[in-house]
Amino acid sequence: MKLQPEGVTVVVPVLPPGTSERMAIEVQRRALERVQAAHRGKPSIFWYYTPMALLFSAEADADLIVYDCMDELSAFRGAPVELRRLEQLLMTRADLVFTGGRSLFEAKRDKHRSVHAFPSSIDAKHFAAARKSTLADPADQAGIGRPRIGFFGVVDERMDIDLVGAVAAARPDWQFVFLGPVVKIDPADLPRAANIHWLGSKRYDDLPAYLGHWDVGFMPFAMNEATRYISPTKTPEFLAAGLPVVSTPIRDVVAPYGDRGLVEIAATAEEAVGALERMLAGPKADWRTRVDSVLSDMSWDKTWAEMSRIMATAGGFAADEDTETPALKTGVAISA
């Protein structure tokens with residue numbers, strides 16, 4: 001167990017190399033038992049990010065169970081075969097279901113009595129630092145020409161790599177910068193060209209410096225089962241950084257960002273080239289004002305405050321009277 005500065009204790013089971021799946025589940029089950037024993041007599045919340053955690057927690061007792069459904073995980077490449085069954089089980093046990101976007105909410109709302117949509121929010125202050133002209137261009141990016149069109153995030157089956165290759169080939173004078181790890185796909189399959197730059201993973205703290213020296217944000221998501229219900233957090237993050245954005249027609253990007261004229265939507269390479277050309281020429285005069293108006297009502301603190309209020313009501317917990325919004329006074333929250 002490790003106590004964080006924020007007062008959160010993080011428990012990380014250490015599994016030796018070669019540990020069998022069965023033993024891994026048993027180690028995690030025992031770790032959970034020890035955590036609950038250390039907080040016996042205090043209310044507890046189980047917060048599930050993945051139904052797979054039921055493999056080691058299904059027999060444990062909790063005062064409140066929350067399923068934080070951020071993605072349709074069963075649609076991802078390499079998803080465990082038992083994931084769908086475990087999600088059905090979790091749906092029967094959970095007191096609350098939170099979804100990471102509107103489209104996912106619509107897919108889950110008929111499967112549980114208490115489903116609540118929480119679209120991706122924003123640490124606006126962090127990403128707004130990209131608007132400052134004082135940020136130095138990172139060393140591995142400084143030698144790349146302009147204009148720069150960038151993406152940050154995991155590079156996996158959710159990226160339309162054919163679209164990336166086609167757009168880059170159509171405009172060899174544009175530079176395409178990609179930040180993030182490559183997972184679940186063969187790096188050899190990524191498009192390679194003099195104007196495509198795969199710079200790898202970067203620290204969260206360093207992202208504003210990279211974005212501050214881009215000209216347009218690009219979200220070339222593939223239109224497939226893995227992206228059907230995603231609500232990309234990077235949409236408001238790009239906007240907070242002051243970058244105009246071009247995205248493929250992901251449903252939770254089209255509404256509300258595309259419909260409000262805050263993000264350009266492009267379904268094909270030809271459309272993407274046209275949209276990028278328009279954004280490089282400069283967004284509409286009032287674009288940033290409208291962006292900031294939308295972002296001003298968004299924050300992770302507001303998201304948590306509303307989640308906390310719903311949880312306090314559902315679990316009968318006391319609210320924190322020292323804050324303007326309810327915060328749960330609980331002994332232990334188990335997140336998996």
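**Helix 7 and the chain around it**

Let me start with helix 7, where Asp162 and Ala169 are exposed on one side; exposed means over 50% relative accessible area, buried under 20%, and partly exposed in between, with a 1.4 Å probe and protein chains only. On the other side of that, in residues 161–170, Leu163, Val164, Val167 and Ala168 are buried. These four cover an arc of only 125° around the axis, which puts them on the same side of helix 7; the arc is that of the directions from the helix axis to the C-beta atoms.

A word on the source: this is a predicted model, where local features need pLDDT of at least 70, side-chain atom pairs count only at pLDDT 80 or more, and totals for chains, interfaces and linings use all residues. Residues are numbered from 1 along each chain as its sequence is written, and side-chain values use heavy atoms, with hydrogens and water left out.

What covers the buried residues of helix 7? The cover includes strand 8 (175–179), strand 9 (196–200), strand 10 (216–219) and helix 11 (269–281). Helices (H or I, at least four residues) and strands (E, at least two) are DSSP runs, numbered from the N terminus.

Now the whole chain. There are 13 helices and 13 strands. With a radius of gyration of 22 Å, close to the 20 Å from the globule rule for 336 residues, the chain is as compact as a globular protein of that length; the radius is taken over C-alpha atoms, and the rule is 2.2 Å times the number of residues to the power 0.38. Of the 336 residues, 45% count as buried.

Definitions and conventions
Contact = heavy atoms within 4.5 Å.
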